[in-house]
Structures are given as structure tokens and as C-alpha cells.
Amino acid sequence: MQIGSTGNVTVGTGLAVPGTRMSIGQASGSNWLELRRTAGAGSNSSWLLHDPENDGALEFRFQPAEGDPLEKVLSLHDNGKVSIGDVPTDTPFHDYRLYVQGGLLTEKVKVALKTSDEWSDHVFKPGYRLMPLPEVKAFIKEHGHLPGVPSAEQMVEQGLDVVRTNAMLMEKVEELMLYVLQLEERIDQMERARTFQGGNK
């Protein structure tokens with residue numbers, strides 16, 4: 001690496017970063033490693049790496065131009081957790097390893113299940129009590145949501161667990177299938193009874 005008289009940095013053989021200066025300096029009373037892009041008076045942008053000693057995290061921040069506030073981009077916390085964006089101080093990490101401010105866009109997500117017990121096929125096992133429809137109707141009338149499904153208020157308070165929510169939804173789908181099969185059986189019995197009565201006339 002070469003640092004020229006103008007402050008420009010050259011990395012490797014012939015790989016230059018024109019208009020860019022790297023320096024170690026003071027910012028907000030803390031030590032920073034700064035990569036600054038000089039583009040004219042008042043328009044210098046900077047990437048800064050924050051000293052983790054003060055806040056318990058190695059922080060990458062960006063300053064669009066001189067005088068602008070520093071934007072927190074990425075934090076590597078001392079406890080091994082990672083946050084992307086400016087995480088509010090009252091945001092609970094709990095046992096989660098990653099927090100992404102503003103959401104996450106990806107082309108594919110695969111969530112692993114620890115055991116088959118986390119899925120909902122117990123609905124089809126012998127001895128499963130399928131709630132009679134009159135009880136379901138009464139429950140909905142009283143509580144305003146399906147049995148075994150969190151209320152809207154609970155979802156806001158607790159958040160949405162992808163595995164548990166999908167298992168819960170599959171449980172309701174499987175219960176609907178059992179209701180359909182019960183209805184089909186009743187219809188078959190009614191048709192057989194009608195056929196039998198017609199044959200005795």
C-alpha cells in the first residue's frame with residue numbers, strides 16, 4: 001500500500017483510489033478509522049469504523065457529506081450478535097443473533113425445523129380432539145379469532161414466529177380437511193338413507 005503526498009491511497013499494483021484518503025483521527029471524542037472520498041468543498045463522504053471500546057460494538061458508519069450526521073450501517077456486538085441499520089436502544093435482541101432495521105429482501109428463505117414435533121401432523125393422529133363446529137362458532141363469537149390462533153393484539157406484542165405460525169396455519173388447514181371429511185360422510189349417509197327409502201316404496 002502506498003500513501004502519496006496528496007493523501008491518496010494506492011492498494012496493490014496499480015490499483016488506485018483517486019480522490020480518496022484514508023486516515024485515523026478523532027470523531028465525537030472517540031477513535032475512528034476513516035475512509036474519506038474527497039469530491040469538493042462540503043461534499044466529502046466518509047466511511048468510518050468506530051472504536052468498540054466505548055459502546056461494546058464494532059460499528060461501521062457512513063457520513064454522506066461533511067457536517068451530516070453519521071448513519072449507523074452495521075454493528076458487530078461484543079456478544080456475537082449483529083445489527084444492520086440504526087437499531088433503537090429499546091429493541092430487545094433476546095436470543096436472536098441478527099436484527100435488520102427496515103426489513104429484509106431476499107430471493108429465498110429456508111427455515112429449519114429441529115424436530116417433526118414442530119409441525120402439525122398430530123391433527124391426523126388417533127385421539128386428536130377436533131373441536132365441534134358449534135364450539136368453534138361460540139369461541140369465535142366470544143373472542144373474535146379462531147381457537148389456537150393468537151389474537152391481533154398478541155401478534156403485535158409477541159411478533160410472528162415463522163415456524164410456529166406456519167405450523168399453526170397448517171393445523172387449521174388439516175382441521176378443515178377433517179371437517180370436510182365429516183361433512184362428506186354425513187352427505188353419503190343421507191344419500192344412502194334416501195336411496196334405501198326410495199327402494200322400499
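Which residues does Glu71 touch, not counting those up to four places away in sequence? Keep that in mind while you get your bearings.

**Whole view**

Show the whole protein first. This is a predicted model. Its mean pLDDT is 78, and 72% of the residues reach 70 or more. Colour by secondary structure. You will find three helices and nine strands. Follow the sequence and the pattern reads β-β-β-β-β-β-β-β-β-α-α-α.

Now switch on the surface. The protein exposes about 15,300 Å². Carbon and sulfur atoms supply 57% of that area. Of the 201 residues, 20% are buried. Contacts come next. Take those with a separation of 6 or more: 18% of them join residues 24 or more positions apart.

**Stop 1: a stretch to treat with care**

Select residues 10-17. Here pLDDT stays under 50. The model has seven contacts beyond four places in sequence for this stretch.

**Stop 2: Glu71**

Select Glu71, in strand β7, which covers residues 71-77. Back to the opening question: Glu71 touches Phe60, Arg61, Phe62 and Pro64. Pick out Arg61 from that list. Glu71 and Arg61 are 10 residues apart in sequence. In space, their C-alpha atoms are 5.3 Å apart.

Is Glu71 buried, partly exposed or exposed? Glu71 has a relative accessible area of 42%, so it counts as partly exposed.

**Stop 3: Lys72 and Asp86**

Stay in strand β7 and select Lys72. Add Asp86. Their side chains meet in a salt bridge, 4.0 Å from N to O. The pair links distant parts of the chain, with their positions 14 residues apart in sequence. Asp86 sits in the loop between β8 (82-84) and β9 (98-100).

Check the exposure of both partners. Asp86 is partly exposed, at 40% relative accessible area. Lys72 has 25% relative accessibility, so it also counts as partly exposed.

Now add Glu59 and Arg61. Together with Lys72 and Asp86, they are linked in a network of salt bridges. Arg61 is therefore worth a second look: it is in this network, and it is also among the residues that Glu71 touches.

**Stop 4: Arg129 and Glu135**

The structure holds six salt bridges. Select Arg129 and Glu135 for another one. Their closest N and O atoms are 3.0 Å apart. Glu135 is partly exposed, with 36% relative accessibility.

**Stop 5: along helix α3**

Select helix α3, residues 162-199. Zoom in on Lys172 and Glu175. Their side chains meet in a salt bridge, 3.3 Å from N to O. How far apart are Glu175 and Lys172 in helix α3? They are three residues apart, so about one helical turn separates them. Both Glu175 and Lys172 are buried.

**Stop 6: a nonpolar patch**

Finish on the surface. Select Val109, Val111, Leu160 and Val162. These residues make a nonpolar surface patch of about 370 Å². Val162 belongs to helix α3, so you can trace the helix from the previous stop to this patch residue. Val162 is partly exposed, with a relative accessible area of 44%.

Note on methods. Residues are numbered from 1 along each chain as its sequence is written. This is a predicted model: local features need pLDDT of at least 70, side-chain atom pairs count only at pLDDT 80 or more; totals for chains, interfaces and linings use all residues. Side-chain values use heavy atoms; hydrogens and water are left out. Helices (H or I, at least four residues) and strands (E, at least two) are DSSP runs, numbered from the N terminus. Buried means under 20% relative accessible area, exposed over 50%, partly exposed in between (1.4 Å probe, protein chains only). Contact means heavy atoms within 4.5 Å. pLDDT is the predictor's confidence in each residue, from 0 to 100. Patches are made of residues with over 30% relative accessible area and no salt bridge: like charges are joined within 9 Å, nonpolar side chains (Val, Leu, Ile, Met, Phe, Trp, Tyr) within 5 Å. Accessible areas come from the Shrake-Rupley method with a 1.4 Å probe; for residues, only the protein chains shown count as cover.
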